[in-house]
Amino acid sequence: MPPATADQALRFGRFEISPAERALRVDGQPAALGALVIALCTNKWQIGAALTLMGAFASIYHPVGIPMLVQKARNFGFTIGLNGLAGNMGIAIAAGVSVYIAQRFGWQMAFVLPGVISLLCALAFVLLVPREEEAPAKRKPKMIDLPPRVMARVFAIMTFTAVTGSIVFNFTTNGNGELLRERVKGAVQDPAALAAMLFVIFSLASLAQLVVGKLIDRFPLKNIYVPIVLLQVPLFLIASQVEDWALFVTAIGFMLLVFGAIPFTDAMIVKYIDDRMRSRVTGARLAIGFGVSSIVVALIGPMVKAAGFPVVLMVLAGVAFCGFAAISLLPAEHEMGKASLKPAE
């Protein structure tokens, strides 16, 4: 049976995928099973091993899922933004829902319920997503062929901003709870109240990705990316000096910018990298980003204990400024115009 056309896939609300993307059909299930295994663990070593299993299989989503989503998208910025909104709303909801489930039904159920839902999603994916016979790597090139010098600059900037972005994102998303607990005096009386505050911050910040996605489709990438990253610098500096509800409001501000910057790396890959190479480039970018992330998460506690949140926030301001400096070196539109278009055969 020939693969479904783009119109057919759209008509039935389904996406075409390549053989490489079929891995999502397989790896979604062990990730869900990993969550169920965690609920059966009885000590920290077992939990660590089960979390590693779950993370190893769940990590396939971005390098495979993002290229799949944008493959047929007319407005890739909005598509990336909508996908990011859904993902980060998960972070926002998890902050409150996981605490509620753990308090009401026990911590094991906080893993069992997402595991069951993930298994149902994997089943729906297997049943509803049609197959495609040709892998992206085997297709004819159909995007602009950037000069080697420009491509090298773009790849270096993508790599560097993946590092700076991972540092900022992981310090803020993983450290916001302790930041509020320590510096919003009297506002956090119990875990449920803290979860509510985090929900407000993350849910509002997630909406920024939808707005940024629309802007990416209408304006040059560099013109939007540069100010979003630059504005993080003064907000981190302000956050290092304020407390209580002023800090809460400032945290909403810098998280709007941190989440608003998320779509740009994927947008750069879509804009500058042909579909044949996107999964590999995305995978390499995420390997670097997640490698840095693991180190950052491990350092949050020791750094805060040794220097305090004001110093850590000032360091984040410096990291954000380094990201701004790198993004300023992205090719301008006139440089992109010099590239030749390879016709698809």
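Helices, taken as runs of H or I of at least four residues, and strands, taken as runs of E of at least two, are assigned by DSSP and numbered from the N terminus.

**Figure 1. Overview of the predicted model and its secondary structure.** By that assignment, the protein chain of this predicted model comes to 15 helices and two strands. Of the 345 residues in the protein chain, 43% are buried. Among contacts in the protein chain with a separation of 6 or more, 83% are accounted for by residues 24 or more positions apart.

**Figure 2. The largest nonpolar core, with the helices that supply it.** This core has 35 residues, and those with the most contacts inside it are L180, I201, F236 and M255. At least two residues of the core come from each of α7 (148-183), α8 (191-218), α10 (232-239), α11 (244-260), α13 (278-307) and α14 (309-327), and α11 gives the most, with eight residues. A second core, separate from this one, has 27 residues and includes V154, L257, F264 and I327. As a general background to such views, nonpolar side chains tend to be buried together in soluble globular proteins.

**Figure 3. Close-up of M255 and T172, two residues in contact with each other.** When neighbours within four places in sequence are left aside, M255 is in contact with T172, T173, N176, I201, F202, A205 and G260. T172 lies in helix α7 and, because its relative accessibility is 2%, counts as buried. With residues up to four places away in sequence not counted, T172 touches F236, F254, M255, V258 and L316. Although T172 and M255 are 83 residues apart along the chain, their C-alpha atoms are separated by 7.6 Å.

**Figure 4. The largest cavity and the residues that line it.** A search of the whole structure finds two cavities of 30 Å³ or more, and about 90 Å³ of space lies in the largest cavity. The lining of the largest cavity is formed by F171, T172, G175, N176, L179, F254, I300, F309, V312, L313 and L316. Helices α7 and α14 each supply at least two residues of this lining, and α7 gives the most, with five residues. T172 therefore appears both in this lining and, in the preceding view, as a residue that counts as buried at 2% relative accessibility.

**Figure 5. Helix α6, with its buried and exposed residues.** Helix α6 covers residues 109-128, and its 20 residues reach 28 Å from the first C-alpha to the last, close to the 28 Å expected at 1.5 Å a residue. The buried residues of α6 are A110, G115, A122 and F125. Seen down the axis of α6, these buried residues fall within an arc of 110°, so they line one face of the helix. On the other side of α6, I117, L120, L127 and L128 are exposed. In general, an α-helix has 3.6 residues a turn, so residues three or four places apart point the same way.

**Figure 6. Close-up of D244, a residue other than glycine with a positive phi.** D244 lies in helix α11, and its phi is near 55°. Because partly exposed residues are those between the limits of 20% and 50% relative accessible area, D244, at 30% relative accessibility, counts as partly exposed. The helix that holds D244, α11, is also the one that gives the most to the largest nonpolar core, with eight residues.

Notes. Residues numbered from 1 in each chain as written. Predicted model: local features only at pLDDT ≥ 70, side-chain atom pairs only at ≥ 80, totals over all residues. Heavy atoms only, no water. Core = buried A, V, L, I, M, F, W, Y, C linked by side-chain atoms within 4.5 Å. Buried < 20%, exposed > 50% of the residue type's maximum accessible area, 1.4 Å probe, protein only. Contact = heavy atoms within 4.5 Å. Expected span 1.5 Å × (residues − 1). Arc of directions from axis to C-beta. 1 Å grid on protein atoms, 1.4 Å probe; cavity = no way out; pocket = protein on both sides within 12 Å on 5 of 7 lines; lining within 4 Å. Points joined across faces, edges and corners; volume = space filled by probe spheres on them.
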